[in-house]
Amino acid sequence: MNLLHAPINPPNLCFQPSKNLQHRNGLAFSGLIQQQRQLKCTWVSHNQDNLCSIKAKAASVEAGAPTTSTTTAERDVLKALSQIIDPDFGTDIVSCGFVKDLQIDEAVGEVSFRLELTTPACPVKDMFEQEANEVVLALPWVRKVNVTMSAQPAKPIFAGDLPKGLQTISNIVAVSSCKGGVGKSTVAVNLAYTLAGMGARVGIFDADVYGPSLPTMVSPENRLLEMNPETKSIIPTEYLGVKLISFGFAGQGRAIMRGPMVSGVINQLLTTTEWGELDYLIIDMPPGTGDIQLTLCQVVPLTAAVIVTTPQKLAFIDVAKGVRMFSKLKVPCVAVVENMCHFDADGKRYYPFGRGSGSQVVSQFGIPHLFELPIKPVLSASGDSGQPEVVADPLGEVANTFQELGVCVVQQCAKIRQQVSTAVSYDKSIKAIRVKVPDSDEEFLLHPATVRRNDRSAQSVDEWTGEQKLQYTDIPEDIEPEDIRPMGNYAVEITWPDGFNQIAPYDQLQTIERLIDMPQPVHA
């Protein structure tokens, strides 16, 4: 059976038709997989103790029509909850929009509400729940508090048209090294299972068609991808609740084909898969910075990247190329993992490959977080056995390092999403566009007509001659945007009253003439 329709004749990939699609909603383990069920319970119960607090978009507190007394009580409750500060954003949970469905019964002194986070993976989720109970119970008229914890539905940061399979994925994280043999796949798999242990819905996409690692590193019961006979989409296999896609599960093993064909296969495997709702999709990037890597970065709205390196200078040279590639594509690198750093013996610590590659990446490129993995035979052995080390030994040194990396990825992705969602907005009261580019402390104002006149698309500028087609007088001075939506980490899409959708990159917005005099608010 052919793999759907590749743009450049791909090899025949083997899929078995799905006999029971509803069966895929569970873990689908049986027989000897019962042992894996027990293992998962132990692994998840350990990691649930470390769940994470993560950020929500701006939202309003939802409540029924209150009486005057209830309005006062509601104000008291919100004031009490505003004492709880999110440690990452430095803002109270009411301002963050976490508080939902507030209901108050003053007659019996009962208060109920929901705290909605943007991801179920959270280190201070339990702390939020405990503090919310305490501060509301401290009100003199409150006798009982009911707090429900939830997470927002998964949705991408990208506003444009996405393939159906990617429309319900909140964060897509690339794990890259640009050099083979540094442990990139080991980091990708263990990071994925760490995030799953923290409560997140996770998938792994093995993008290395020439040498897929995923079939060796995990042991799913079903080792052959299935196809939905109705939608002709691919159904991922699963292991311990994490969804898996790899060319190695397509019945072909390792590919022998030219680059353009590989790009087509990767595109199809990634975009036609029924991923469902995921909080994090981890992409195990293939080595290099060529067509395949660029195709992945351009097809997929990457939220962030994790860089994997080793202490050797040669590894740093290749990794630096990858960091520069992500920088050009406006994909933030949030962490560096230096693998095979050291080992301990006879009470001493040895560095057989030297020191400094990871810290050099951090200092030279301004990547904020560095994690060091030791040389551990069990880490290599677990990769060969089909059971990730963080699952096999959730209390070990390696698992602790990946726990720290997982918390870092969750926090950084939340910050990126928050920065992007508020980077460009229209302030109707002053009739100006507010801009605060991610990773910048500067905020400035732009006149809407100026932004519209600076469009550089083919509708406004002749692509061949560079002649300006859009004239100054074509745009009225009082034009206002109808909608502004983020386009990943690099631009926004602005919808204007004439139906035109303008793509405005942050780099371009920073060069446009700014409003110097603060406009006065316009009162309705």
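**Figure 1. Confidence along the chain of this predicted model.** The chain has a mean pLDDT of 80, and 81% of its residues reach 70 or more; pLDDT is the predictor's confidence in each residue, on a scale from 0 to 100. Over residues 1-10 the pLDDT stays under 50, and the model gives this stretch 27 contacts beyond four places in sequence, where a contact means heavy atoms within 4.5 Å. Residues 48-68 also have a pLDDT below 50. That second stretch has 71 contacts in the model beyond near neighbours in sequence. Where pLDDT is low, predicted coordinates should not be read in detail. Residues are numbered from 1 along each chain as its sequence is written, and side-chain values use heavy atoms, with hydrogens and water left out. Because this is a predicted model, local features need pLDDT of at least 70 and side-chain atom pairs count only at pLDDT 80 or more, while totals for chains, interfaces and linings use all residues.

**Figure 2. Two cysteines, C408 and C413, without a bond between them.** How many disulfides does a search of the whole structure find? The search finds zero. A disulfide is a covalent bond between the sulfur atoms of two cysteines, and here the test is a pair of cysteine sulfur atoms within 2.5 Å. For C408, the nearest cysteine sulfur is that of C413, 8.8 Å away. This distance is too far for a bond. Are these two residues buried or exposed? C408 counts as buried at 5% relative accessibility, and C413 is buried as well, at 1%. (Buried means under 20% relative accessible area, exposed over 50%, and partly exposed in between, using a 1.4 Å probe and protein chains only.)

**Figure 3. A salt bridge between two strands, R114 to D101.** Side chains of opposite charge can pair when their charged atoms come close. In a salt bridge, a side-chain nitrogen of Lys or Arg is within 4 Å of a carboxyl oxygen of Asp or Glu, and this structure holds 17 of them. One joins the side chains of R114 and D101, with 2.8 Å from N to O. R114 lies in strand 3 (residues 110-117) and D101 in strand 2 (residues 99-105), so the pair ties together parts that are 13 residues apart in sequence. Strands here are DSSP runs of E with at least two residues, helices are runs of H or I with at least four, and both are numbered from the N terminus. R114 is buried, at 19% relative accessible area, while D101 is partly exposed, at 29%.

**Figure 4. Two further salt bridges, and a network.** D344 and R349 meet through their side chains at 2.8 Å, N to O. D344 is partly exposed at 49%, as is R349 at 41%. Another bridge links R434 and E443, at 3.5 Å from N to O. R434 has 24% relative accessibility and E443 has 47%. Elsewhere, salt bridges that share partners join D101, R114 and E116 into one network.

**Figure 5. Two phenylalanines, F343 and F249, in their settings.** F343 sits in strand 14 (residues 343-345) and is partly exposed, with 32% relative accessible area. F249 is in the loop between strand 10 (242-246) and helix 6 (259-271). At 0% relative accessibility, F249 counts as buried. The C-alpha atoms of F249 and N222 are 9.0 Å apart, although 27 residues separate them along the chain.
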